[in-house]
Structures are given as structure tokens and as C-alpha cells.
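Trainee: I have just opened this model and would love a guided tour. Could we go through it together, one question at a time?

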Amino acid sequence: MSVRRTVEQAALWVVGVDESGAEVVRGRLGHGERPEDALAARGFTALKANDVWGQANPHELTLVYAVRRADGIPPRVPVRPAVDERLVVAPGEQPVPYQRVAAYAVVRSSRGILLSQASARTNAPGTWGLCGGGVDPGELPEQALHREVWEETGQRVELTGLAAVHTRHWVGRAPSGRLEDFHAVRVVYHARCAEPTDPVVHDADGTTAAAAWVTDDAVLQLPLTPGWRDVVLPWVRETP
């Protein structure tokens, strides 16, 4: 959960493959758009996020979904961004569109599941969520995940598969105070840690206050970050 970097983001593409693995649809993922909606608008139903491809230069990431043709089924209406009812906007102030790709993981070991706690530099201090953070320029999601997990917890992990691609779209203020039309695209992996140690936060003065190995039962008692609660809980007892 590194401090947000305001940098040029990678170009995002969505690809659909059929049961034989052949590419049958491709399109650019627009700001605020869900991959499932991008595929539906092109006549396909997304069945499952299969993989994420990437290249460093030019920096592009491709979200790969298993799909089936959806003849006769109208595309879903895109969801409008959420807005905090407590948000105060100055007259004439307009949100800055910002699309951020990040990589996270459901990391498991003999000691439980690895979680990180948000620091006072975030909008939800004290809450807990998955370890991970933003993908830097030229970086692939797997590289970002390994870097972020080390920065936040000091653990070395092995990725075991893609869990999901999760998106959120809202209007709110960044920790800097800037009003943003924020589109979060989160690539979530399954991972394991063969030699778990006591977590250590190496990213001092960042957005991670603490990290811990937590048992499945204890996860249910933690104050989870609002954006992660509905995502984390279904995976708590899941064994990839």
C-alpha cells in the first residue's frame, strides 16, 4: 500500500478468449468501466478472469477473460461512480480523472492469511486489507506485488494463480486533498509464503501502519477496509 503516485498509467485492454483459448474480442478499458461491462458492450459475457498479460515499453496491461457470446442479451448499464455523502466540493471544483492499476494478493502460510493495516496517511486509518499496491511505470503486476508485499511486510511469497480482477469507481479526495474521479483496477492473486516470519513494515512513513498473520476466524473480527470487505471475506476460507 505505497503512497499514491501521480504518474502516467499503463494502457489497459480487455480480451475475451473462447473455450479453445482463441482470442474472440478485444477492446480498451475506459475510465470507470468494469471489464465485464466492456465485454458485454461488445456482445460477450465474461465468465472468469483468467490471466493478466503485460509489457513494459510501451507500458500496457491486458486483462484476459474466458467469455461466451451473448447474442440477444443487451449490455449492462455502466454503474455511476459512488460519491461520499459527506464530500464537500467547492464551487467550480471538478474532479480529476485518475485510473490506478494495483496488484494485491491473498497470501497464505502456516500462520494464516497476511493482512496490512492502513496508516493515518490514508482515508481509512486503522482498517485492514490485502497486501499490495500500485503498479509503477513499466512494471508488471506480478513485479509490483512482490515489491509491495516486501515493503509492507518483509515476506517473500510465491504466486499460485490469479484470484480475480476487482474494480471500484468513486469520486472523493485523495490523501493529498485533490478531488479525484478515481477508477481502481485491482489485480488480485493467490499466493503462499513457505517461510513466514514476523511481519516488518519496511515502507516507513507510508500508507501501511502494521502487518500481521491473521487466522481465518480472526479476520472476521477485524475492521476491514470498506473497499476490501466484500472481496476478502469470500476468500477467507478458500483454499486455492
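Trainee: Which residue does E23 meet in a salt bridge?

Mentor: Keep in mind that this is a predicted model. E23 is partly exposed, because its relative accessible area of 41% falls between the 20% and 50% cut-offs. Its partner is partly exposed too, with 39%. The two side chains meet at 2.9 Å, N to O, and the partner of E23 is R26.

Trainee: Thanks! Is R86, which forms a salt bridge with D84, buried or exposed?

Mentor: The closest N and O atoms of D84 and R86 are 3.2 Å apart. D84 is partly exposed, at a relative accessible area of 35%. For R86 the value is 68%, and exposed means over 50%, so R86 is exposed.

Trainee: How many residues apart are R108 and D216?

Mentor: The side chains of R108 and D216 meet in a salt bridge, 3.3 Å from N to O. This pair links distant parts of the chain, with R108 in strand β6 (residues 96–109) and D216 in helix α3 (residues 216–219). R108 is buried, at 17% relative accessible area, whereas D216 is partly exposed, at 21%. Along the chain, their separation is 108 residues.

Trainee: What is the count of salt bridges?

Mentor: In general, side chains of opposite charge can pair when their charged atoms come close. Here, some of the residues involved are linked in a network: D136, E139, R147, E148 and E151. For the whole model, the count of salt bridges comes to 12.

Trainee: Why is C193 not bonded to C131?

Mentor: A disulfide is a covalent bond between the sulfur atoms of two cysteines. A search of the whole structure finds 0 disulfides. C131 is in none, and its nearest cysteine sulfur is that of C193. A disulfide needs the sulfurs within 2.5 Å, so these two are too far apart for a bond, at 11 Å.

Trainee: Are C131 and C193 buried or exposed?

Mentor: The cut-off to use is under 20% relative accessible area for buried. C131 has 0% relative accessibility, so C131 falls under that cut-off. C193 has 5%, so C131 and C193 both count as buried.

Trainee: Which residues have the most contacts inside the largest nonpolar core?

Mentor: In soluble globular proteins, nonpolar side chains tend to be buried together. The largest such core here has 33 residues, and the elements that each supply at least two of them include β1 (11–17), β3 (44–55), α2 (141–153) and β10 (179–192). Apart from this core lies another, of 18 residues, among them A102, L115, A164 and V231. Inside the largest core, the residues with the most contacts are L63, Y65, V107 and Y189.

Trainee: What does Y189 touch?

Mentor: Leave out residues up to four places away in sequence. The contacts of Y189 then include V52, A103 and Y104, as well as P141, L145, L159 and L162.

Trainee: Last one: how far apart in space are L39 and A70?

Mentor: L39 is found in helix α1 (residues 35–40), and at 1% relative accessibility L39 counts as buried. Beyond residues up to four places away in sequence, L39 touches V14, V15, G16, V25, F44, A46, Y65 and V67. L39 and A70 are 31 residues apart in sequence, and from C-alpha to C-alpha their distance in space is 9.7 Å.

Methods
Residues are numbered from 1 along each chain as its sequence is written. This is a predicted model: local features need pLDDT of at least 70, side-chain atom pairs count only at pLDDT 80 or more; totals for chains, interfaces and linings use all residues. Side-chain values use heavy atoms; hydrogens and water are left out. Helices (H or I, at least four residues) and strands (E, at least two) are DSSP runs, numbered from the N terminus. Buried means under 20% relative accessible area, exposed over 50%, partly exposed in between (1.4 Å probe, protein chains only). Contact means heavy atoms within 4.5 Å. A salt bridge is a side-chain nitrogen of Lys or Arg within 4 Å of a carboxyl oxygen of Asp or Glu. A nonpolar core is a set of buried Ala, Val, Leu, Ile, Met, Phe, Trp, Tyr and Cys residues joined through side-chain atoms within 4.5 Å.
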